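I sat down with this one to see what I could look up. My notes follow in the order I made them.

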Amino acid sequence: MKCYLHLTLLFLSSIVYAQNLPGTKLKIKKFQGDIVLDGVLDESAWKEADVADNWYQNFPVDSLPSPFQTEARMTYNDEFLYVSFVCYDDDTPDVVSTLRRDFSYAINDNVSFIFGPYNDRLNGYFFNVTAIGAQREGTVSSGGNGENAFNIYWDNKWYSKVVRYKDKWIAELAIPFKSFKYKSDVKEWNVTFDRLDKKRNIKSAWVRTPRQFYTGTFAYAGQLVWQGPIPEASSNISLIPYISGGAFEDREVDPKESSTELQTGFDAKVSISPSMNLDLTVNPDFSQIEVDEQILNLSRFEFRFPERRQFFLENSDLFDNAGFDSARPFFSRRIGIIQDSTGIPQKVPIMYGARLSGTINEKWRLGVMNMHTKKMLELGLPAQNYTVATVQRMFHEQSSFSITFVNKESLGVAESDSLKYYHPSIFGRPTLEDRIKPNTYNRVLDADLVLRSKDNRWYHSSFLAKSFDYRNNAKTMSGSAFFQYSDRSLLANLGTFFVDKNFNAEVGYVPGSMVYPGQMGYYSEVAYKIYPENNSLLYSGPQARINDTYLPNGNLVDREFAIGYVFDFKNSANLTFNLAHIFQELTFDFNPVNNGESRKFLIGEEYRWNTVSASYQSNTVKKMNFLLNSTYGGFYNGTNLNISGQLDMRFQPYVNIAMRFDYNNLKLDEDYGEAELFLLGPKLDVTFTDKLFFTGYYQYNNLTDNMNLNARFQWRYKPASDFYIVYTENYFPSNFTSKNKALVFKLTYWINL
C-alpha cells in the first residue's frame, strides 16, 4: 500500500510539474552591493531572482520529476556572476569521496552550473560543488556531447560556500567575470543546471534531458536572458611564476651519478579580447604531474597515454579533435616527450611556448599554438619548433567545419650532421638516401566536418588530411567518415577510413602507421536497450560490433567481430558478456612476449581465435566497490587468460584507496613462449583538508621488469597557487635494488596584474 501511494504521488507530481524544455528562459537581474557566501539566501538579490525549478530526472528514468527537488538562482554585479542552489534532501548521509579540487563527478553528491556565453550551443564552461563544498570547474566543447567534451583541467579563481541543513544543502558560487571569456554584446547565453544525487543514484536537470544524453549537453539547455547590461569584459593579465628544484640519483650507470637542479619559469594569461586569450609559457616544468598508469600491452599497436600537462589542455578540443581515431594529425604528447633509439620515452625540455585561442564571434573560433624544444645532443636531437593552428566555423546550431595545420621543424640540421643528430626521426631511416639526407620538416593539413541534429539523435563526422615531407610526394592522404543514430533504445553507427602508405603525421597519433603499409577499413556497432518492469534492472540488451582492416591491395589483415549482452542496474552496477572472433594476417614479425628468446610469428602468417569475456562493475554508491574483467580463449597459436580490474575503498571524505591489477597467463605453442604477466597498482589518496593533499602510487610491471613509487604532496596555500613535493623511485623487482630516484619541489604563485 505504501509503495502504491508513493507511485501515485510521483504520478500526480509529474502532472503538476511543468517540463522545462530546451530554450526555456531564465532571467538574470543586476543588483547593487555584495553577497556574502554563507549558505543563507537572505539577500534581496536572491529573493528577487528568477528560480530555475521543476527539475526532471535524467537517470534512472527520464519521465518523472526528481523526488528531491533543486532550485537554482542567478544574479550579478559589476565584478561577479553569482549562482545559488537549494538542494532539497533528508538526513541520509551524503556520498562525498574527497575534499580535493577536480573531484570525480560520478561518485559524489554534487550540483553543476553549465553555461555557454557565446550562445553557439557548442562551447562553454561548467562549475560544480559537492555537498561538502569541494570545487570542480572546466570547459565544455562539442556541445557537451560525450565524456571528452568536459575538460576538468581548465583552472581558475572562483569562490563558493556550501552549508548542510537537515532537509537540504545550500550552495553559493561567486565567479569573477574576469575568470572566463565572453562577449558583452551577446544578450542570451546557453545555460543549464544538473544535480547528481549519488546516494540514491538519481541524476536530474533543470531542462528535461533524455537519458541517452549528458545533462550538460547544450542541445538540452535553456537560455539565460540578461535584463541589464553585461559588465564589459576588462583586460586581464595573470602571471604564474614558479621555482622548482630537486636531487637526482641514477644507479644504472657505473659509477652512479648524482645531480641537483634548480630552475625557474612562468606561465602568463593575457586577455587579447573579451573572448580571446593568449597563454605564454617560458621554461615550463611538469614535475608535479601525476605519473602515467602503466599497462600490459600485448598488441602490435602503440598505446596512447593521456595528456596531463595543463598548458596543453586548455581549449585542447580545437587541436585534438582534428581527424579521427585512425589518424589524428595532432597529439600533444609528441611535444616534449620522445622515444630514444631503444624505444624508451625520454623528456625533451620545452624552452617556451605560446597559444592564442578562443572565440572570434558566435560563428568563428581560432586556435594557434607554437612550442620550441631544446637541443638534446645526448638523444641525437636538434632544437625543434612545433606549430598547430585551427580555424573553426560553426553553423546550423551544433555543426562545424574546421581546418587544421600542423608543422614540425628541426632547426640547424645539415647533411653532414648524421653523427650529431642520429635520432631515427632525423637520420637513420632504412634507405641509404634517408641516412644521408636529414628529415627536417613534417606538415599536415586537415579538414574536418561535424554535423549534428538539433536533438542530438543524428551525428556525422568526417575528415580528410594530407601530409608533407621531403621523402614522400604520393600516397600521403588519410580520411574517414562516421555516421551515428541514437535514441533511448537504439544506438547504431557505421564508419569507414583509409590511411595511405606514406601518410606521415610525426606530431600526430596514427596507431596503424607502424603496423600496416597503408590501410583502409570499416567498423560498425549496434546496441539495443530493453527497459523491463523491474525494480532493480534499469535496462538490458544485445550489442554487436565489427572492425575490419584491409591493405591497399584489398587483402583482409584484421577482423574482430563480437556479440554481447549487457545488464545495467539502477544501483549503478553493470554486467556485460561478450563473445569475440578475431582474425589476423601479420604484416611484420611479432611476438607479444617480447623477451628476445621466444620464436616470432612471421609476416604473412594467419591466425584465428575465439574469446569469451565478462565484465562486472559493482554498486559505486558503496564505500567499497570493484570492477572485474575476465577474458579467456585463443591467442594466436595458444591461449590467454586475462583477469583485470580495480578495487576501490572510500573512507570519505578524507581517504581513498584503489588497487588496480592486470594478470595474463599466456601459453603459446612450442617455442613461441609462455609467460605470466602481472601489473599491480595500489594508490592512496588522502585529502587532509580542502587545501592539503597527498597521493601515493606504486606500480609493479613484470613485463618491463620495473617497480615504480611516486609520492606527491600538494598544498594549495592560495586560490590557484600551489606548493608540491614529489618523490619518485624505480626498482628492480627481483631484489628491490634502486635503479634511480628523485626528490623534487615546485612552488607556483598566481598573480593578477
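**Aromatic pairs.** I started with the rings, in what is a predicted model. My count came to 52 aromatic pairs. I picked out Y459 and F482, whose ring centres are 6.1 Å apart. Their planes stand at 65°, over the 60 degrees needed, so I put the pair down as edge-to-face. This pair links distant parts of the chain, with Y459 in strand β24 (residues 458-468) and F482 in strand β25 (residues 477-486), 23 residues apart. Is each of the two buried or partly exposed? Y459 is partly exposed at 22% relative accessible area, whereas F482 counts as buried at 9%. Next I looked up F601 and Y607, with ring centres 5.1 Å apart. Their planes are at 70°, so that pair is edge-to-face. Both F601 and Y607 are buried.

**Charges over rings.** I then went looking for charged side chains above rings. The charged end of R200 sits over the ring of F68, 3.8 Å from its centre. I also noted K466, which lies over the face of F468 at 5.5 Å from the ring centre.

**Strand pairing.** I followed a run of strands next. Strand β15 (residues 257-273) pairs with strand β16 (residues 276-282) in the antiparallel sense, over seven bridges. How many residues lie between β15 and β16 in their hairpin? I found two. Within this pairing, F266 stands opposite V282 in β16.

From β16 I moved on to β19, and those two pair antiparallel over seven bridges. M276 has G358 in β19 as its bridge partner. β19 (residues 350-359) also pairs with strand β20 (residues 364-373), antiparallel, over nine bridges. β19 and β20 make a hairpin too, with four residues between them. I wrote down I350, whose bridge partner in β20 is T373. Going one strand further, 10 bridges join β20 to strand β21 (residues 384-395), and these two run antiparallel. There V368 stands opposite A389 in β21.

**Nonpolar cores.** Which residues have the most contacts inside the largest nonpolar core? I got M74, L81, F85, F113, F180, W189 and F193, in a core of 42 residues. Among the strands that each supply at least two residues of this core are β1 (25-30), β4 (80-88), β6 and β11 (188-197). I checked L81 one by one: not counting residues up to four places away in sequence, its contacts include I28, M74, F113, F180, W189 and W226. Apart from that core lies another, of 25 residues, and I350 from my strand notes is among them. M371, A505 and V507 belong to this second core as well.

**N128.** I wanted a polar residue after that, and chose N128 in strand β6 (residues 124-130). Is N128 buried or exposed? At 2% relative accessibility, under the 20% limit, I count N128 as buried. The side chain of N128 makes a polar contact of 2.6 Å with that of S112. Leaving out neighbours within four places in sequence, the contacts of N128 include F103, Y105, R136 and W158.

**F693.** Then I looked further along the chain. F693 lies in strand β36 (residues 692-701) and is buried, with a relative accessible area of 3%. With neighbours within four places set aside, F693 is in contact with residues including L99, R100, R101, F688 and F713. I also took one distance, from F693 to A742: 49 residues apart in sequence, and 20 Å apart C-alpha to C-alpha.

**Backbone oddities.** Most residues other than glycine have a negative phi, and most peptide bonds are trans, so I listed the exceptions I came across. F59 and P60 are joined by a cis peptide bond with omega about 5°, and P60 lies in the loop between β2 (56-59) and β3. The bond from D254 to P255 is cis as well, with omega near 0°. I found P255 in the loop between β14 (237-250) and β15.

As for phi, K475 has a positive value near 55°. K475 is in the loop between β24 and β25 and counts as exposed at 58% relative accessibility. F736 has a positive phi of about 60°. Where is F736? I located F736 in the loop between β38 (721-731) and β39 (738-748), and at 56% relative accessibility F736 counts as exposed.

Terms used
Residues are numbered from 1 along each chain as its sequence is written. This is a predicted model: local features need pLDDT of at least 70, side-chain atom pairs count only at pLDDT 80 or more; totals for chains, interfaces and linings use all residues. Side-chain values use heavy atoms; hydrogens and water are left out. Buried means under 20% relative accessible area, exposed over 50%, partly exposed in between (1.4 Å probe, protein chains only). A polar contact is a pair of N or O atoms within 3.5 Å; within protein, one must be able to donate a hydrogen and the other to accept it, and residues adjacent in sequence count only if both atoms are side-chain atoms. Contact means heavy atoms within 4.5 Å. Rings of Phe, Tyr and Trp (its six-membered ring) pair if their centres lie within 6.5 Å; planes under 30 degrees apart count as stacked, over 60 as edge-to-face and the rest as tilted. A charge sits over a ring if NZ of Lys or CZ of Arg is within 6 Å of the ring centre and within 35 degrees of the ring normal. Two strands pair if DSSP finds at least two bridges between them. A nonpolar core is a set of buried Ala, Val, Leu, Ile, Met, Phe, Trp, Tyr and Cys residues joined through side-chain atoms within 4.5 Å.
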